[in-house]
Amino acid sequence: MKERRAMRRRHLMFHLRVFDATSGQPLGNLVDITPGGLMITGEQGLAPGERRRLRMHLPIEIFDKAELAFAATVAWSSDEVSPGLYDTGFRDLEMPDEDRSRLGALIDEYDLRDAG
């Protein structure tokens, strides 16, 4: 089956925590990322189409900012291979250009490999 993805996917080699920016509750760990979307694995599934405000902690020893805060739309959510966990994909990341540059630097800094 050929993948119909416009941007190449990047798999995260380490885990960054992602939180709901409104409640402060952890949503999961970042495990996959592109400039246009991301995937987390967490203990709860989220409703597709829902717009969420997210916060993602950054390694402060590398970045000049401790976290990224942005809005994103839940594209899909499904059971993960491990029992009790869910994979959730987000699209339409809304963030300032400065933070989008940090996101690109995050991908580059950790030399995230192409999947596929």
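Which residues of helix 1 are buried? The points below address this question and then turn to strands 2 and 3; the structure is a predicted model.

1. Buried residues of helix 1. Asp99, Arg102, Leu103, Leu106 and Ile107 are the buried residues of this helix. They lie on the same side of helix 1, because the arc they cover around the axis is only 145 degrees.

2. Exposed residues of helix 1. The other side of the helix carries Asp97, Glu98, Ser101 and Asp108, which are exposed.

3. Dimensions of helix 1. The helix comprises 13 residues, from 97 to 109. From its first C-alpha to its last it reaches 18 Å, close to the 18 Å expected at 1.5 Å a residue.

4. Cover of strand 2. This strand is mostly covered, with 7 of its 9 residues buried. Thr34 belongs to strand 2, which spans residues 26-34. The relative accessible area of Thr34 is 7%, so the residue is buried, the cut-off being under 20%.

5. Side chain of Thr34. A contact links the side chain of Thr34 to the backbone nitrogen of Gly36, at 3.1 Å.

6. Pairing of strands 2 and 3. Strand 3 covers residues 37-42 and runs antiparallel to strand 2, to which 5 bridges join it. Within this pairing, Ile33 stands opposite Leu38 of strand 3. The connection from strand 2 to strand 3 is a hairpin of 2 residues.

Notes. Residues numbered from 1 in each chain as written. Predicted model: local features only at pLDDT ≥ 70, side-chain atom pairs only at ≥ 80, totals over all residues. Heavy atoms only, no water. Helix = DSSP H or I, 4+ residues; strand = E, 2+ residues; numbered from the N terminus. Expected span 1.5 Å × (residues − 1). Buried < 20%, exposed > 50% of the residue type's maximum accessible area, 1.4 Å probe, protein only. Arc of directions from axis to C-beta. Polar contact = N/O pair within 3.5 Å; in protein donor to acceptor, adjacent residues only side chain to side chain. Pairing = 2+ DSSP bridges.
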